[in-house]
There are 2 protein chains.
Amino acid sequence: MRASDRAYAALREDIIEWRLRPGTVLAEVEQSERLGVSRTPVREALGRLTAEGLTTAAGGRGVVVTDISLDSIDELFELRETLEVRAAALAAQRGEPGVFAELQAQLLRAPDLLSEKDPARHEYYALVGRLDEAIDAAISNSYLANAMRSLRVHLVRVRRLAADDAARLHAAAAEHAAIAEAIAAGNPRLAEAATTLHLHRSLTHVKAAHVAR
Amino acid sequence: MRASDRAYAALREDIIEWRLRPGTVLAEVEQSERLGVSRTPVREALGRLTAEGLTTAAGGRGVVVTDISLDSIDELFELRETLEVRAAALAAQRGEPGVFAELQAQLLRAPDLLSEKDPARHEYYALVGRLDEAIDAAISNSYLANAMRSLRVHLVRVRRLAADDAARLHAAAAEHAAIAEAIAAGNPRLAEAATTLHLHRSLTHVKAAHVAR
DNA sequence: CATGACTTTAGTGTATACATAAACCCGGCA
DNA sequence: TGCCGGGTTTATGTATACACTAAAGTCATG
């Protein structure tokens, strides 16, 4: 693996996990020493992060970790709804019903995953990730899929901020199951509605958790 | 201006204007000699272009200029419709009516711009560009605006391919005027409809021109 | 003659030295 | 005391040398 890839992965992880707080300035020499590589790969990594929007070029003086405000969460979800509602509808038209029926069944069993001792909820999030991937594959539109992929980076960051509780995750699993069911049924309108509902509830929960701080 | 910015602008221009054809391999040393800078800024420029999707990293052996197929045009317009229809609706809800009323008036006078001798249609495209900017500003959503900005790069490339004739530009100006009118009237549904119509006709024209080759 | 391994070579990946510019600090002056 | 200006410092921006990898060509052998 290339050193620039490792630097990128490490920095990205640190930002997403909130180990690097918004406003932190990432100096090239400092990070190159911390990560044990030279400035060149760090530069490339910072460039990629800035292109993604995780960092912002602060003219002249390094790059800083981008902040996430309440307003920006609203904006993020506005774009998310635009893309995912459409994606759900397209998946309902073009996807393989069997794939989504299977995902629905697994999502309905999600409470089993959450009851086990897995504080990071890796199993659960992996399952939701598979639903995302299935939708990406079903729409067969690389531009749309790329747009959603670039969005998800920011969403994971917001999710870490929200600190999902078990109750919310149970509800979210049911909502995801409803989306999968609608897609499996080949019903675009229903898929749109289920997605809209899920995103609305997700946003409400995130904002409530954010305000509680 | 930084050397990497110049390299980026030069390469991007060459790709958009089809002076660098799809499939062309952009070797770092070759481009650095052509542009008169060292490999480092060229590397950064190529990284930015790849992030935008104008070039693709060809594992190990340089980057190649991305191809635009008929299928990818369909995908491009599918995402475009998703984003722009929503943007038009939001602009109708949030925009300043006066701004769009003025743009509508200018767009209705667009035939004057096209009749003059301006083979590149700079005046006309600048006017359409101002409508895009006004919509970007009106929606006040940086994520959505960024998504549309990244799309427009590819659209300009497709436009150069389509070789718009005067008749199409006249019709397109009228369609744009209808969008501006709907936004000025604060009517989201109408703005959506006008945008959908415009994009459908635009795509039809582009595909017809593409097939004609 | 074909196939496979070895050598060559071209090109990217990385490190580092140098150039340059912006920000900070300190001192002088109004 | 507040502001302005120049020097210093520290960061990024650029060039270049070196390392490494993968592809292509070539030679030898079956």
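These legends describe close-up views of a predicted model.

**View 1. Residues around DNA strand D.** DNA strand D is surrounded by 17 residues, and the closest are A:R43, B:R2, B:A3, B:S38 and B:T40. By class, this surface has 6 nonpolar, 5 polar and 6 charged residues. Of the strand's atoms within 4 Å of the protein, 56% belong to sugar or phosphate, and the rest belong to bases.

**View 2. Helices beside DNA strand D.** At least two residues of the surface near the strand come from each of α2 (28–35) and α3 (39–52) of chain A, and α1 (3–16) and α3 (39–52) of chain B. The largest share, 3 residues, is supplied by α3(B).

**View 3. Polar atoms at DNA strand D.** The side chain of A:R43 has an N or O atom 2.7 Å from a phosphate oxygen of the strand. At B:S38, a backbone N or O atom lies 2.7 Å from a phosphate oxygen. A:R39 instead places a polar side-chain atom 3.0 Å from a base nitrogen.

**View 4. The two domains of chain A.** Chain A is assigned domain 1 (3–65) and domain 2 (70–211). Their contact takes 10 residues from domain 1 and 6 residues from domain 2. The area buried between them is about 780 Å², with 62% given by carbon and sulfur atoms. In domain 1, A:I16, A:W18 and A:L54 lose the most area to domain 2, together 59% of what that side buries.

**View 5. The salt bridge between the domains.** The count between domain 1 and domain 2 of chain A is 1 salt bridge. A:E17 forms a salt bridge with A:R160, and their closest N and O atoms are 2.8 Å apart.

Terms used:
Residues numbered from 1 in each chain as written. Chains lettered and ligands numbered in written order. Predicted model: local features only at pLDDT ≥ 70, side-chain atom pairs only at ≥ 80, totals over all residues. Heavy atoms only, no water. Near = heavy atom within 4 Å. Polar contact = N/O pair within 3.5 Å; in protein donor to acceptor, adjacent residues only side chain to side chain. Helix = DSSP H or I, 4+ residues; strand = E, 2+ residues; numbered from the N terminus. Nonpolar A, V, L, I, M, F, W, Y, C, P; charged D, E, K, R; others polar. Domains from an automatic or database assignment. Contact = heavy atoms within 4.5 Å. Buried area = accessible area lost by both parts, 1.4 Å probe. Salt bridge = Lys/Arg side-chain N within 4 Å of Asp/Glu carboxyl O.
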